[in-house]
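Before going through the salt bridges, cores and voids of this protein, please have the sequence and the coordinates open side by side. The text below takes these topics in turn.

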Amino acid sequence: MNDDADQQHLAEAHPGYAAGQLARAFRTALGHEDPDTRRRADERQRAWRSVLAGMANGLLTIGSRTPVRELPAWVTPEVLRGGFATGAPSAGGPLTEYEAEAARRAGVPQDRQALFAYWLSEDGLAQLYELLDDGRYEVTVPEEAALLTVAWLGRAGETDAALGLVEELAPFAGRLRFTPRPSTRPAPDAGTVHRWTVGEAGESLARRRTSKAVETQREALAVWQPFGDELLAHWLETAAGQPVLVGTRTPHQAWHGHGAELLRRYRDLAARHTHCTKHLKPKENLAILRGALEETVAGRELDARRLGLLRHAVTSMVRRRGLPGSAELTALRREQAAQAALPSHHALAQLVLRRLSGLDQQAGVAEVAPLVAEVGEEEARETGLPAGAAIPAGVRRPVEAALSAPLSTLVERGVVPSAEVLAELVPRLVAATSAQAYPDPALRTLAAAHHRAFAGRRSLLLLNLQRQVRAEELPWVRAVAGQRTDGEAGAVSAVALRQLGELAVQALPGTILPNSLIRELSVLARQAELGAPLVEELAADIFMGTFTPKFLAAARIAAELLGGGSLYERYYVIDYRAVRNLAIVETGEALTRSYGARTSPGFAKLCVERAEAGSTRSRHRGGGSVAANGKVIEQAQILTTHNLATLVHRVGIDPAAGWPDLARRCFVTVCRLTGRVHGNPRPLSTIKDVAYAWRQLVFHLSLCTPGERARTLAGLPEELSRHPAHVAGRLAPALTGLHQVAEGGRADEGAGRLLLGWTTEGHWLRPDPASAG
């Protein structure tokens, strides 16, 4: 949860939410079939019990910036789903293995208070200096950077700052760990990222199990189909399936002997090959032939019913397969045998896992191709796999996720499938960029490691427009703030912000930026001092009807870019001149404070009026339904373009693909998502995503030249033709409305409809169109 997006929640702050989560964890721990899942659920139970106990005894104040009594805001809390703090600090708990080893080497008691004192001794500081210089350490939570910062300050002659930091840390020295884990690996390369480490890719491959369905099919092709051919050929040796009689062309005794041998083979095959059980079903042809043979070999005459089934089975098998030994059936069986002989995905995964075993398990891989190459001759001899066998896509994907390369390369190769994954990878790049503000190499390495750790700090559930803790509020970051050279670093941050903004918009043009990514981009925006306010997506169920001033600032930037009659302004019927005037007025006046935080009442009022969601007062107090709140929030997203205008107008992004291409790709996303609405009993969240993609389509079209826009609109029907008919039926009113606006009219005239995501009534996109049948 981030800043405005997570600052308000009244319902979920109630103990009932925590009790519900505890009940869910209890049910999972009690009844799930997977032991690892049960273990994790049991851990969640203990955590949620801590939440409930803390809320009951006053240890926890859910919704506060300082949710744990006696712990300041800078302490990283352990946070569960929904932003609930458990009461435990993330840097607390029992001593880690490396802390215990440090205590043994230093000859001090096995507790953090004693370790804290040791690190400040001459010997302890010498070890910290060594860590600073070689950069071989891992900061997993922000607190672990604290004593390294003390060491750096002391060595740099900043004695007062070092002592002040020690004084602030000292009250928590017995409870929190303030040193990082030593590592054998150097600091990560700032220019490359990877989704998974080699070890994580290996774990994914190791979890692959033999597919029962695949093995069943393999057994059917390799065992039971050929055996069925043999049974059929045996019966065809008689007079067209008639029971064997003395005097037929097949010797009675030899036929019976061969039949007995076939039955012995059947029993052996059935005992060894147990995946495919089709041969056991009485109505299957193979079972009919086998059953008739058992009766005949036993000397019992077939009754009329069984004889009829036998004749039908023989006739149908010949008609469908051809005669045993025929060219047609021989070719089919050869093809099936080749298919059955293909190695299983499980076996190939084991081979790739062996290839990965010799690599650094904590790093990514620089080149994927050798790891997913075809089975080599030597590997074939060692494993029994056929030489030249290809590694299937499902086995390649975990290895590709471990590719270590520039972020743009990962996007191009499809390793980054979503905005959420992109947001996971960005902190490392932002960390390297932010750290450029520190001239000293050791401090720069420490700052980058700290940023990566801080990016993983989970957001709290906050009430009353409180803001999440920022890195610059942490004591060890404040202590070295004077070491920054922000001038040159600001220019570097501006370049990085533009590059990441372009990459995000170009990679996923039909998807809004997730809050986790906005948080990282905001760090760069503040450092670049571009006046580029980036706004979060607010949650409708926790909305309290207020907006911070940066929403109005973002809307003003959108007005500067899109005002004066743009397609976007006309489609959404926005008076951007009035928005600019509102921003000027509120900037010149004292902004209202709500719950102690600054708010923009004029912007909130405008959003409420546009949403037609009831009285301004009820909306401002968050008194409406979730859907009514959603309509207000959607209007804020429309007015601000949800960061697109800021990225274009202030950051200066200019995607290489061009705005027409981004518009077309947005429409592909619109069509794909609309296809999921059909037959969906709960489609409203999908409709919301359709509206997000549609809004970005309109934005990108607005930045096209008139000629580009006309050509792009003319090409949309071709894309529609690639999707089911119901997609075209649903989107027809929206496309009509878009064309009407492009021609100077309004979207909601005649057959046209304005496409929005939220409604307090039935959504017109939801019903299945008549043309879909």
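A residue counts as buried when its relative accessible area is under 20%, as exposed when that area is over 50%, and as partly exposed in between. The model discussed here is a predicted one. With a relative accessibility of 38%, R467 falls between those two limits and therefore counts as partly exposed. E473 has a relative accessibility of 24%, so this residue is partly exposed too.

R467 and E473 are salt-bridge partners, and their closest N and O atoms lie 3.5 Å apart. Side chains of opposite charge can pair when their charged atoms come close. The cut-off applied here is a side-chain nitrogen of Lys or Arg within 4 Å of a carboxyl oxygen of Asp or Glu; the distance of 3.5 Å therefore satisfies this criterion. Over the whole structure, the search returns 32 salt bridges.

Another of these pairs is E138 with R181, where the closest N and O atoms are 2.5 Å apart. This pair connects distant parts of the chain, since E138 belongs to strand β3 and R181 to strand β4 (residues 181–182), 43 residues apart. E138 is partly exposed at a relative accessible area of 25%, and R181 is partly exposed at 37%.

A further salt bridge joins R746 to D748, with 3.2 Å between the closest N and O atoms. Relative accessible areas of 38% for R746 and 43% for D748 place both residues in the partly exposed class. Salt bridges with shared partners also link R65, R467 and E473 into one network.

Next come the nonpolar cores. The largest one holds 118 residues, and L407, F547, F667 and W694 have the most contacts inside it. What does W694 touch, leaving out residues up to four places away in sequence? Its contacts are Y571, Y572, F667, V670, A734, L735, L738 and L755. There is also a second, separate core of 68 residues, with I62, A145, F178 and L462 among its members.

The open space can be taken next. The largest pocket has a volume of about 1100 Å³. Its lining consists of 34 residues, and those closest to the pocket centre are P188, H194, T197, R428 and R452. At least two lining residues come from each of β3 (137–138), α18 (419–435), α19 (441–455) and α22 (515–528). Which element gives the most to this lining? That is α18, with six residues. By class, the lining of the largest pocket has 13 nonpolar, 10 polar and 11 charged residues.

Enclosed space is a separate matter. The structure contains four cavities of 30 Å³ or more. The largest cavity encloses about 80 Å³, and 13 residues line it, with E99, L115, W119, F178 and T179 nearest its centre. Helices α3 (97–106) and α4 (112–119) are the elements that supply two or more residues to this lining. The largest contribution is that of α4, with four residues. Nine of the residues lining the largest cavity are nonpolar, one is polar and three are charged. F178, one of the residues nearest the centre of this cavity, also belongs to the second core.

The second largest cavity has a volume of about 60 Å³. Of its 13 lining residues, V68, L71, P72, V75 and P77 are the closest to the centre. Its lining divides into nine nonpolar, two polar and two charged residues.

Key:
Residues are numbered from 1 along each chain as its sequence is written. This is a predicted model: local features need pLDDT of at least 70, side-chain atom pairs count only at pLDDT 80 or more; totals for chains, interfaces and linings use all residues. Side-chain values use heavy atoms; hydrogens and water are left out. On a 1 Å grid over the protein atoms alone, a cavity is a set of points where a 1.4 Å probe fits but cannot get out, and a pocket is an open set with protein on both sides within 12 Å along at least five of seven lines; lining residues have an atom within 4 Å of a point. Grid points are joined across faces, edges and corners, and a volume is the space filled by probe spheres set on the points. Ala, Val, Leu, Ile, Met, Phe, Trp, Tyr, Cys and Pro count as nonpolar, Asp, Glu, Lys and Arg as charged, and the others, Gly among them, as polar. Buried means under 20% relative accessible area, exposed over 50%, partly exposed in between (1.4 Å probe, protein chains only). A nonpolar core is a set of buried Ala, Val, Leu, Ile, Met, Phe, Trp, Tyr and Cys residues joined through side-chain atoms within 4.5 Å. Contact means heavy atoms within 4.5 Å.
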